[in-house]
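Me: Could you walk me through this protein and its ligand, one question at a time?

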Amino acid sequence: MGAVCTTLIAGVEAVRKGIAKPIGSLTQMGTIRLGKRTEGKTPLIREFVPIAKLDDIVFTGWDIFGGNLYDAAKTAAVLDKELLEKIRPYLESIEPMPAAFDQNYVKRLTGTHIKSGKNKRDLAEQIRKDIQAFKKTVDRVVVIWTGSTEIFLQQTAVHQSLAAFEKGMDDDDPGIAPSQLYAWAALTEGIAFINGAPNLTVDFPAMNELSRKMNAPIAGRDFKTGQTLIKSVLAPAFKTRMLGVSGWFSTNILGNRDGEVLDEPQSFKTKEESKLGLLEMILQPDLYPDLYNDIYHKIRINYYPPRADNKESWDNIDIFGWLGYPMQLKVNFLCRDSILAAPLALDLCLFMDLASRTPSLKGLGIQEWLSFYFKAPDSAPGVYPENDLFIQSMKMKNTLRHIMGEDLITHLGLDYYGG
Ligand SMILES: NC(=O)c1ccc[n+]([C@@H]2O[C@H](COP(=O)([O-])OP(=O)(O)OC[C@H]3O[C@@H](n4cnc5c(N)ncnc54)[C@H](O)[C@@H]3O)[C@@H](O)[C@H]2O)c1
């Protein structure tokens with residue numbers, strides 16, 4: 001219940017009250033073309049697929065700090081006081097439940113509102129009980145991690161099967177971070193789980209096994225918001241035109257709590273790994289060695305409190321064209337981190353709930369069609385993830401057509417010309 005989550009919840013309430021518009025949310029504002037371009041059928045996505053209505057959404061959550069959501073949103077300092085005052089009673093009515101937390105995994109934070117238990121399994125079982133109690137009050141549940149970035153973890157033996165993972169929780173295995181306990185609890189309850197952070201949380205074989213066993217969908221890692229969003233637009237543009245890239249230097253200043261957590265080298269490493277993979281996946285240097293074999297790709301995030309949630313990023317991109325002649329492109333993005341992330345969190349909750357109700361999708365485990373929203377999308381073993389934003393968008397829209405039994409759109413279009 002930090003910056004992203006309070007911005008999501010306050011935003012949904014503001015939209016419900018007609019105070020603001022859900023800008024940035026595809027489920028709320030996007031349309032989808034059906035049939036031929038000549039047919040003029042483009043319904044709103046929210047009217048085309050049976051996703052939950054904003055009025056029907058009920059929120060709850062956990063945090064390592066107590067207090068109500070009005071106070072949490074004030075601390076996050078994303079939304080202005082005037083807006084928060086208009087929805088104050090609603091925000092004051094939501095208080096986080098005590099969290100499963102271990103400072104070894106988020107070194108910069110000291111929790112004051114946390115569960116105690118005899119081992120990791122005990123903490124995970126307590127989360128399950130919280131979910132079971134909430135489940136009794138609503139029809140369906142989705143769980144999303146918008147918690148802090150944890151330290152960098154790599155898969156070990158404990159992540160390779162569900163049996164090993166469950167034994168690992170009994171033995172307090174150090175490879176099991178708190179975010180994994182939430183994921184295990186949700187999936188064990190048959191509930192979809194989304195990971196908005198770059199942590200190793202669901203993308204390993206044990207969770208994949210549990211997800212398939214329980215028909216509880218999982219998807220990706222780390223919201224694709226600011227700098228990486230732009231990267232996943234520019235890199236495909238270079239590749240489509242066969243322009244080479246020799247260097248890509250990305251730097252950021254950020255002053256919110258996430259920035260403070262990322263100032264710690266082990267949490268930064270988790271973020272760095274999640275951001276680094278994308279360029280290589282898009283540019284495919286193995287297929288285009290002359291263009292992309294020698295890219296120098298560097299990412300920096302600097303904690304700079306005066307900017308709070310208003311992140312500024314700079315990208316310097318060295319590219320080369322015809323006969324190898326060099327050129328440069330500079331991008332300076334003055335964004336707002338949580339303003340970009342909140343609509344993605346909303347869309348993911350609504351679409352993952354839809355996936356949980358779709359027979360052809362719910363048993364698949366990973367929902368690759370939602371890769372559109374992630375910096376590090378998850379994919380089946382042996383299949384490389386798709387990172388190009390526009391391919392991701394086409395894939396997602398075709399999946400929505402598939403869900404509703406509509407014809408898929410191939411973009412071939414020969415029949416318009418008598419072909
Ligand atoms: N805002 C963006 O644009 C963006 C984009 C991609 C990813 N993310 C990721 O989303 C996550 C949230 O970002 P934020 O800006 O809201 O950060 P934040 O620091 O404002 O919020 C994180 C919250 O998680 C809580 N927390 C930490 N460990 C917990 C635990 N074990 N259980 C329950 N709560 C716990 C913290 O107390 C804090 O309130 C981060 O991992 C961030 O990297 C954000």
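**Ligand and sheets**

A backbone N or O atom of S148 lies 3.3 Å from an oxygen atom of the ligand. This is a predicted model, so the distance is a computed one.

Me: How far is an oxygen atom of the ligand from a polar backbone atom of V4?
Reply: Happy to start there. V4 is among the residues that come nearest to the ligand, along with A3, D63, A100 and Y182. Its polar backbone atom and an oxygen atom of the ligand are separated by 2.8 Å.

Me: Which residue has a polar backbone atom 3.0 Å from an oxygen atom of the ligand?
Reply: Look at α15, which spans 337-356 and gives two or more residues to the shell around the ligand. The polar backbone atom at 3.0 Å from a ligand oxygen belongs to D337.

Me: How much of the accessible area of the ligand does the protein cover?
Reply: On its own, the ligand has 830 Å² of accessible area. Around it stand 33 residues. The share of that area covered by the protein is 98%.

Me: Which element gives the most to the shell around the ligand?
Reply: The elements that give two or more residues are α1 (3-16), β1 (62-63), α9 (178-188), α12 (257-262) and α15 (337-356). With three residues, the one that gives the most is α15.

Me: How many residues of the shell around the ligand are charged?
Reply: The shell divides into three classes, and 17 of its residues are nonpolar. Another nine are polar. The charged residues number seven.

Me: In what order do the strands of the four-stranded open sheet lie?
Reply: Its edge strands, each pairing on one side only, are β7 (296-303) and β9 (326-334). Between β6 (residues 244-254) and β8 (residues 312-320), nine bridges join the strands in the antiparallel sense; one position there sets N252 opposite S313. β8 and β9 also pair in the antiparallel sense over nine bridges. Pairing in the sheet as a whole is mixed, and the order is β7-β6-β8-β9.

Me: At what angle does helix α11 run to β6?
Reply: Within the sheet, neighbouring strands are turned by 10 degrees against each other on average, direction ignored. Helix α11 (residues 227-240) lies across β6, β7, β8 and β9. Its angle to β6 is about 170 degrees.

Me: Which residue takes a positive phi in the hairpin of β8 and β9?
Reply: F320 in β8 has P326 in β9 as its bridge partner. The hairpin has five residues between the strands. The residue with a positive phi, near 65 degrees, is L323.

Me: Which residue in β4 is the bridge partner of V142?
Reply: The open sheet of three strands has the order β3-β4-β5 with parallel pairing, and its edges are β3 (142-145) and β5 (218-219). Four bridges join β3 to β4 (residues 192-195). In β4, the partner of V142 is A192.

Me: Which helix packs on that sheet, touching β3, β4 and β5?
Reply: The direction of this helix makes about 155 degrees with that of β4. It also gives two or more residues to the shell around the ligand. The helix is α9.

Definitions and conventions
Residues numbered from 1 in each chain as written. Predicted model: local features only at pLDDT ≥ 70, side-chain atom pairs only at ≥ 80, totals over all residues. Heavy atoms only, no water. Pairing = 2+ DSSP bridges. Axes fitted to C-alpha atoms, helices over the stretch in contact; angles between N-to-C directions. Contact = heavy atoms within 4.5 Å. Near = heavy atom within 4 Å. Polar contact = N/O pair within 3.5 Å; in protein donor to acceptor, adjacent residues only side chain to side chain. Areas by Shrake-Rupley, 256 points an atom, 1.4 Å probe, with all protein chains shown as cover. Nonpolar A, V, L, I, M, F, W, Y, C, P; charged D, E, K, R; others polar.
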